[in-house]
Amino acid sequence: MNPTLFSLATIIGQGLEFGVKLPIETVLRRGQVQVAQVAGKGPAVQTVVEVGPYKGLIGTMRSIVYEEGERSIQPAPVKSTAASTVARPVRDPQRRKGQGFEGLWRGWRVGMWGLIGVWGAATLGGAGSKGGEF
């Protein structure tokens, strides 16, 4: 395996790892906050946003996707033909309960930019090619 192929396989593997790890870390943070709130030792935990319930791994993921918050779903566009020039009313987006699967991957942009930044610096900098630090 040549170094370029290894580097490419590494970034793909790290991206897949990130995609699996992020939803689990979201649930982990909820569990940590719930334990801190229930323990009640020390000052009360204040958060910027309301903390959702922790219901185990699968239960919390289901709660994020289907129960918490609200998301808008754009209606399918109406296809117009050249013969029909009658203006049709634009439908408002529908509102659905739950954040959808996007709610499990909140914060992915920051992590992905970090991953790409480290990989790009190593690739462009030729890390390890000279053997020295400077």
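## Exercises on helix α1 and the salt bridges

Glu-68 has a relative accessible area of 14% and therefore counts as buried. The exercises below concern a predicted model.

**Exercise 1. Identify the salt-bridge partner of Glu-68, and state where each of the two residues lies.**

Step 1. The partner is Arg-30: the two side chains form a salt bridge, with an N to O distance of 2.6 Å.

Step 2. Arg-30 belongs to helix α1, whereas Glu-68 is in the loop between α2 and β1 (70–73). The two residues are 38 residues apart, and the pair links distant parts of the chain.

Step 3. The accessibility of each residue is then considered. Buried means under 20% relative accessible area. Arg-30 has a value of 9%, so Arg-30 is buried. Glu-68, at 14%, is likewise under the cut-off and therefore buried.

Step 4. The surroundings of Arg-30 complete the solution. Apart from residues up to four places away in sequence, Arg-30 touches Gly-52, Pro-53, Tyr-54, Thr-60, Ile-64, Glu-68 and Arg-106. The salt-bridge partner Glu-68 is thus one of these contacts.

**Exercise 2. Describe the network of salt bridges that contains Glu-67, and determine whether its members are buried or partly exposed.**

Step 1. The count for the model comes to three salt bridges.

Step 2. One of them joins Lys-55 to Glu-67, with the closest N and O atoms 3.2 Å apart. Lys-55 is in the loop between α1 and α2, and Glu-67 is in the loop between α2 and β1, so this pair ties together parts that are twelve residues apart in sequence.

Step 3. Glu-67 also forms a salt bridge with Arg-62, and here the closest N and O atoms are 3.0 Å apart. Lys-55, Arg-62 and Glu-67 are accordingly linked in a network.

Step 4. Lys-55 is partly exposed, at 45% relative accessible area. Arg-62 is partly exposed, at 47%. Glu-67 is partly exposed, at 32%.

**Exercise 3. Characterise the course of helix α1, and name the helices against which its buried residues pack.**

Step 1. Helix α1 covers residues 3–39, a total of 37 residues. The distance from its first C-alpha to its last is 50 Å, close to the 54 Å expected at 1.5 Å a residue.

Step 2. The helix bends by about 30 degrees at Lys-21, and Pro-23 follows within four residues.

Step 3. The buried residues of α1 include Ile-11, Phe-18, Leu-22, Pro-23, Val-27 and Arg-30. The buried residues of this helix pack against α2 (56–66) and α3 (108–125).

Step 4. After α1 comes Gly-40, which has a positive phi, near 65 degrees.

**Exercise 4. List the members of the largest nonpolar core, and state which helix gives the most to it.**

Step 1. The core has five residues, namely Val-27, Met-61, Ile-64, Val-65 and Leu-104.

Step 2. Three residues of this core come from α2, which gives the most.

Step 3. Val-27 is among the buried residues of α1. Leaving aside its neighbours within four places in sequence, Val-27 is in contact with Tyr-54, Gly-56, Leu-57, Thr-60 and Met-61.

Step 4. A link to the first exercise can be added: Ile-64, a member of the core, is also touched by Arg-30.

Note on methods:
Residues are numbered from 1 along each chain as its sequence is written. This is a predicted model: local features need pLDDT of at least 70, side-chain atom pairs count only at pLDDT 80 or more; totals for chains, interfaces and linings use all residues. Side-chain values use heavy atoms; hydrogens and water are left out. The expected span of a helix is 1.5 Å times one less than its number of residues. The bend at a residue is the angle between axes fitted to the seven residues ending there and the seven starting there. Buried means under 20% relative accessible area, exposed over 50%, partly exposed in between (1.4 Å probe, protein chains only). Contact means heavy atoms within 4.5 Å. A nonpolar core is a set of buried Ala, Val, Leu, Ile, Met, Phe, Trp, Tyr and Cys residues joined through side-chain atoms within 4.5 Å. A salt bridge is a side-chain nitrogen of Lys or Arg within 4 Å of a carboxyl oxygen of Asp or Glu.
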